[in-house]
Each structure stands twice: as C-alpha cells, then as structure tokens.
Amino acid sequence: MRRERVVSIRRVSFLTLGCKVNQYETQAMKRQFEAAGILPVQDGEDAEIYVVNSCTVTAAADKKARQLIARIRREHPAAVVALTGCLPQAAGALSGALDGADVVTGSKNRAALLPAVLRFLETGRPVREIQPHLPNETFEPVPAGRFDGRFQKAYLKVEDGCDRFCSYCIIPAARGPVRSRPPEEIAREAETLVRAGYREIILVGINLSRYGADLGLRLPDAVRAAARPAGDFRLRLGSVEPVLVAEADYRALAEIPRLCPHFHLSLQSGCDGTLRRMNRRYTTAEYQKTVGTIRSLFENPSVTTDLMVGFPGETDAEFSETCSFVEGLGLLRAHIFEYSPRPGTPAAAMPDQVASRTKAERAKALAGICRRSAEAFARSQAGKTVQVLIEQTGGGYSGNYTFVRVPHAGADVGALRRVRITGAEGETCLGELLPEPQRFPAGWPQF
C-alpha cells in the first residue's frame, strides 16, 4: 500500500552524480522547479522532493545511485523520490535498478521531469517516462540560467550524445546520437551568463569534440558563438578527444582571444595495444602529435587528461608503456581511475580481467608520476604573468588551469586579475597581484 502522500510541496533537493553535463542539466531542472514555486533547499535542510540525477559510466556509479535512493527512502519515508539521467536511460524502464523511486525519467527529455513529478503528486501513481533515443533527434535546449557556488564560473552545454562506442563505455546507449546546439542559441545563453556576472564560461558536452557533426559545423564555431558577448570574461573547453579536433580547428581556436590555453585530452592509456582493445581509435603517436600542435599554437598552454588502469588484458609490460609515455608528456594534471566492468559493454566480457589489488597498485604508481609532472609544471610557471579568476580560497585558477595562491586578494573575489607567479609549493603556484592597466576614454592623452 502506498505511503501517505505529501500535501504541501514547497522544497526540492537535487543530488547530482557524474559529469559536468549532468551538473549543467541539474541547474536547468532546478530552474524549472523554481519557476513552478518549488524552491531548492540549502545544504542539510529537509525537502519534500528528492531528485537524483544519475550517472551510469561505471557499475560503481549505478550502485551509488541505488544506495542514494535507498538512503533517501529510509531517512525521508514521506518524501517524493525522483530518479533521472543516464542510469534509467541505459537500464530501461523495467529494470530493477529503478526500484524505490516514485518518478523515473531518462536523459533524453530533461524538461519532462517536473511534469512527471506533478503528475505523481496528483495521481499518487508511480511514473516511468523514458523516451528512447532516435537517430535524427535534435538538441534539447534547456538553459541553466545560473550556477550556485561556482565562484563566477558557469557551464554552458553545447553538445549531447556520442558515436564513438569505446569498448568499456555505455554512454552512447545512455545519451544517444550526437546533437549540437545552434550557434545563435549558444551566443544567447553566453550573453545571459555574462550579464549575470560570470567571468568564466566552460563549454561542455558528452563528446564536445563532435560538436557540429550534425549541423555541418566544427568546435570553433561553438567557441566563436560563446565569445560574442561584450564583457570581462573568458572561455574554457571541457574534455575533448585527442584526434577528433583537427589541426585546422586548433589554429582557428588559437585565434579566439577569450579561450583559455588549457586542453583536457582524454588519453586513457599510453599503450597502443590497450588503446586498440578499448576501441579508442588513435595511437600514442597521434596523441603526442596533438599535444605538440597545441604547444606550437598557444602561449603557455597546459594539457590535462584521464587515465584508466587495469583494463582487461593490461599486462605489467603494457602498464610500463603507459608510465613511460605519461612521464614524457609534461602533463599539468591527470584524473586516474581503476577500470570497473560495466555490464552491457564488450569490455565486461573480455578475458584476463585484472585483479583489484593490481589495479590499486597501478593507480598509486601512476599517481606518483602525475604528481611529479604537476610539480614540475608548477615550477615552470615561475616568472610568468597570468590571468587568475580569484576565488574565496585565497587564490584561483590561471588560464592554463594552474592553481595560484594569491595573498591579500580577498577584495578581488570574483574578478579576473593579472598575477605574477613568484614560485611554487608542490603542485600550487605562488603569485602576487599586479596593478591593472589604467584605461582612458577614447581620445584621452596617453602618458
């Protein structure tokens, strides 16, 4: 028998798992609830509605979403629980993974969540509304409007879907085909964000490198559109694939002054044999060439990456290849994670699965290499003048995504300031504020 339904609904709590695209979409859904008079709670406050925006990139991510739903149901038995995002989209409406949620929607139609919740409140009957992806579907424009606690940073979603089908990844099933946001819509939302006071706009997508494949456009078209508004702000790219952005694209990107010289190129492995089993469709030589192109075209750029250890069949020799390759890249930073079998992917059925203890040891060894690389990169920045977006932590990130500690910058929180880097401590740079160039009206004598 169904529990007593909440009569007065005024507050909602959103819990987001996964990537920056999910974070953007949570803000968009939050905005829809606010417009309907259902206000988000502050951290630690109870709500009448709980929304879990799920990730399904690994089996561990699925488990985390299920545990979160179970905990909400246990601690707030009278609340409405909604599950949305990639997990239900990939799992299907009849999956036992969705037990415990009153409302379930997928990742395709984010605008459907609020009507589904309202329908549940009206009827008291569970709602399962997962629309299948179709080959020719278009981008769903659901503007986020604003972001909480981002120190004047905002995400701007410009692409959805993926057509790469890496052997370990379920995301093409969860996100569907590539869909791109038209440039005029990108420019309009960028204008809204700049007027709201955001000083850094981060362009994100499920496979950002494939932006425009459905519109006859390329990634620089999205960046140019986002760069149109007047104002004091900069742009940053989310993750891009190593060989899906051509050299001509990088040349075009280098001509956009607002774009930060920071590129997150997802490597995954530094061994060509492992890359083939992953179905990554590039070689380490091609990755190295892309890094060289970036360093030849941009001033003081950085490269960050993702690295996976313990992929099925990864031998000690193959892992050593990865370590040697990564040591030579001069990376700023790397996100290292252990391979986790994702049911429904080819890799989950591959032979020679690597033991958990071996994966943990490899992750620790690779983290040491990447830490030393980050420290060397920080030392290389000494003496340079960079632009830093000042945060409440006593510093902020430069254009190339180096964190710079800046004493006496409290009055400048939320501002882009010129900083001279004076040294480094570990992976952190130390800097001092520089006076801003004085701006004179047109025609004023310059001295």
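The legends below describe close-up views of a predicted model.

**View 1. The open sheet and its edges.** Four strands make up an open sheet of mixed pairing, and their order across the sheet is β8-β7-β9-β10. Strands β8 (179-180) and β10 (234-237) form the edges, each pairing on one side only. Strand β7, which spans residues 153-160, pairs with β8 in the antiparallel sense over two bridges, and in β8 it is R179 that serves as the bridge partner of D160.

**View 2. Helices packed on the sheet.** Helix α1 (residues 20-35) packs on the sheet, where it touches β7 and β9 (200-205), and its direction makes about 105° with that of β7. Helix α7 (residues 219-226) lies across β9 and β10 and runs at about 155° to β10.

**View 3. The contact between helices α6 and α7.** Helix α6 (residues 183-195) packs with α7 at an angle of about 35°, the two axes being 7 Å apart, and the crossing is right-handed. On the α6 side the residues in contact are P183, I186, A187 and A190, which meet A222, A225 and A226 of α7. Sorted by class, this contact of α6 with α7 has seven nonpolar residues, with no polar and no charged ones.

**View 4. The surroundings of T274.** T274 lies in helix α9, which covers residues 272-278. T274 counts as buried because its relative accessibility is 0%, the cut-off for that class being under 20%. When residues up to four places away in sequence are not counted, T274 touches S269, F311 and E318.

Notes: Residues numbered from 1 in each chain as written. Predicted model: local features only at pLDDT ≥ 70, side-chain atom pairs only at ≥ 80, totals over all residues. Heavy atoms only, no water. Pairing = 2+ DSSP bridges. Contact = heavy atoms within 4.5 Å. Axes fitted to C-alpha atoms, helices over the stretch in contact; angles between N-to-C directions. Buried < 20%, exposed > 50% of the residue type's maximum accessible area, 1.4 Å probe, protein only. Left-handed = near helix turned anticlockwise from the far one by under 90°. Nonpolar A, V, L, I, M, F, W, Y, C, P; charged D, E, K, R; others polar.
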